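Welcome, and please have a look at the sequence and the structure shown here. The notes that follow walk through it topic by topic.

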Amino acid sequence: MAGPPVSLSARDVGSFAYLTVKDRLPQILTKAIDTLHRHKSEFFKKHGEKGLEAEKKAISLLSKLRNELQTDKPIVPLVEKFVDTDLWNQYLEYQQSLLNESNGKPRWFLSPWLFVECYMYRRIHEAIIQSPPIDDFDIFKELKDQNFFESQESIIALCTHLQELMKTIEELDENQLKNEFFKVLQISLWGNKCDLSLSGGKTISQKTNLINSLEDLKPFILVNDMEHLWSLLSNCKKKREKASITRVDIVLDNSGFELVTDLVLADFLLSSKLATEIHFYGKTIPWFVSDTTLHDSNWIIEQLKHSNHKWVSKCGVDWENHIKMGRWVYLDHIFWTLPHEFSAMPQVAPDLYATLQKAHLILFKGDLNYRKLTGDRRWEFTVPFHEALNGFHPAPLCSIRTLKAEVQVGLQPGQGEQLTASVPNWLTIGKYGIFQFDGPL
Ligand SMILES: O=P(O)(O)OC[C@H]1O[C@](O)(CO)[C@@H](O)[C@@H]1O
Ligand SMILES: [Mn+2]
């Protein structure tokens, strides 16, 4: 039997991976350097001369990194001791072993794109932790916050929608509840348009009221397994005994507007009793510009709580309560910021795999998670999702993602070709979305 196809890589000149490594990643590094410059006086105020020296050091490490990338130098091991350093360096050796015949070294424009892109963000983190006392500085924080503030109008609309819905949710019949479920799912899907790494760090916020656009956006959903999610969760609800639980896990993606859409979905799952417990997974370190850390998630709930809009602050208060009462649990794990595809999870992070196995349903938000689910490979469009998961089946799962990378499986015969003919860059512009389910029905 033939093995899985080759990884996407910047060695394919002209591909999206190539353009990312050539243009977008250096652009993100330049922005990061600029951010450090702009915080110089803040570092001085906080730490005096030591703060200034640290800023200089971090900038020089990032400039060095940008130079390595742009001149396609070999990928070097991480040096600073951190919880995941050994795992990273072992992975680098593994990449090296794949090249042994040709005696080459892993390089930016040669190695798998998923690996080098993750590696860049890990090196950014290394530059920061090598520069105390500013070693807890989140270089992407202000971009994430800006996205949140610029999306205020849409956030108000979402929170109002949710709170109005709460008033009557107990009285809704099956069909009405299903309709509302589909709405919050789609809100969470289109929330994924707002990532900041595709735009090279330029802010993309949600300025219009998303709820009014859902109908117009429907034709852009290429795989729509929402019905499966409904039957799975409504069956759990029907069969559930009094004391038992239904747990939905959400592997988060971006902070800012997208996170609010995910929290709206999570709140709806509890109020509708489709679930009784939600586990969220975020990143332990700043990642792909806009990804959610524990700090981002706490910060957003705190912001909402203190809003002067009554429904927004009600959401903040309710959500904080869900956390206090243990109905919502936020977890992080270093696996999410390793370069491995998810099929490696049972070997690399067996504890995390065992945790996921206890979920009734796992929702994977965003493009990067999809790349890791499918191994970021050059699959045919019609290959079944189950096959591309390559043995990763901890529990029934669903990818909720807008397309921003040249990988898509599970399409109908001819669907991909037709899209290519009409919208040549359909895979990478974030305009199309999927709800792609895998699991027993
Ligand atoms: O936040 P998301 O949806 O995972 O998107 C991350 C983005 O970064 C990329 O990895 C490209 O740099 C794309 O796959 C995607 O555009
Ligand atoms: Mn992201």
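In this predicted model, a good place to begin is Met 345. Leaving aside its neighbours within four places in sequence, Met 345 is in contact with Phe 335, Trp 336, Pro 350, Leu 352, Tyr 353, Leu 356 and Phe 392. Met 345, Trp 336 and Phe 392 also appear among the residues with the most contacts inside the largest nonpolar core.

**The nonpolar cores**

- The largest nonpolar core has 84 residues. Along with Met 345, Trp 336 and Phe 392, the residues with the most contacts inside this core are Leu 36, Leu 62, Trp 108 and Met 120.
- Which helix gives the most to this core? Helix α5, residues 113-129, does so with 11 residues.
- Another core lies apart from the largest one and has 58 residues, among them Cys 159, Leu 177, Leu 185 and Met 226.

**The manganese site**

- Three residues coordinate the manganese ion (ligand 2): Asp 253 (OD), Asn 254 (OD1) and Asp 291 (OD), at 2.1 to 2.3 Å.
- Along the chain, the donors of this ion follow the spacing D-N-x36-D.
- Asp 253 sits in the loop between β2 (247-251) and α11 (257-271), while Asp 291 sits in the loop between β3 (277-282) and α12 (294-305), so the pair ties together parts that are 38 residues apart in sequence.
- Are Asp 253 and Asp 291 buried or exposed? Both of these residues are buried.
- The loop between β3 and α12 also holds Val 289. This residue has a positive phi of about 65 degrees although it is not a glycine.
- Val 289 counts as buried because its relative accessibility is 1%, and the limit for buried is under 20%.

**Cavities**

- How many cavities of 30 Å³ or more does the structure hold? There are 5 of them.
- The second largest cavity has a volume of about 50 Å³. Its lining is made up of Leu 263, Phe 280, Ser 297, Ile 301, Ile 323, Trp 328, Val 329 and Tyr 330.
- Two elements, α12 and β4 (328-332), give two or more residues to the lining of the second largest cavity. The largest share, 3 residues, comes from β4.
- By character, the lining of the second largest cavity divides into 7 nonpolar residues, 1 polar residue and no charged ones.

**Helix α6 and the loop before it**

- Helix α6 covers residues 141-150 and includes Phe 149.
- In α6, the residues Lys 141, Leu 143, Lys 144, Asp 145, Asn 147 and Phe 148 are buried. The buried residues of α6 pack against α7 (152-168), α11 and α12.
- Phe 149 is partly exposed, with a relative accessible area of 42%. Not counting residues up to four places away in sequence, Phe 149 touches Trp 299 and Gln 303.
- The C-alpha atoms of Phe 149 and Gln 186 are separated by 22 Å, and these two residues are 37 residues apart along the chain.
- The loop between α5 and α6 contains Pro 133. A cis peptide bond joins Pro 132 and Pro 133, with omega at about 10 degrees.

**Two buried polar residues in helices**

- Gln 95 belongs to helix α4, residues 85-99, and counts as buried because its relative accessibility is 5%.
- Not counting residues up to four places away in sequence, Gln 95 touches Pro 106, Pro 112 and Phe 115.
- Gln 95 and Asn 67 are 28 residues apart along the chain, and their C-alpha atoms are separated by 21 Å.
- Asn 369 is placed in helix α16, residues 367-374, and at 5% relative accessibility Asn 369 counts as buried.
- Leaving aside neighbours within four places in sequence, Asn 369 is in contact with Val 251, Leu 252, Phe 342 and Phe 364.

**A further positive phi**

- Where does Asn 390 lie? Asn 390 is in the loop between α17 (385-388) and β6 (397-402).
- The phi of Asn 390 is near 55 degrees, a positive value in a residue other than glycine.
- Asn 390 is partly exposed, with a relative accessible area of 39%.

Methods. Residues numbered from 1 in each chain as written. Chains lettered and ligands numbered in written order. Predicted model: local features only at pLDDT ≥ 70, side-chain atom pairs only at ≥ 80, totals over all residues. Heavy atoms only, no water. Core = buried A, V, L, I, M, F, W, Y, C linked by side-chain atoms within 4.5 Å. Buried < 20%, exposed > 50% of the residue type's maximum accessible area, 1.4 Å probe, protein only. Helix = DSSP H or I, 4+ residues; strand = E, 2+ residues; numbered from the N terminus. Contact = heavy atoms within 4.5 Å. Donors = N, O, S within 2.8 Å, 3.2 Å for Na, K, Ca; no water. 1 Å grid on protein atoms, 1.4 Å probe; cavity = no way out; pocket = protein on both sides within 12 Å on 5 of 7 lines; lining within 4 Å. Points joined across faces, edges and corners; volume = space filled by probe spheres on them. Nonpolar A, V, L, I, M, F, W, Y, C, P; charged D, E, K, R; others polar.
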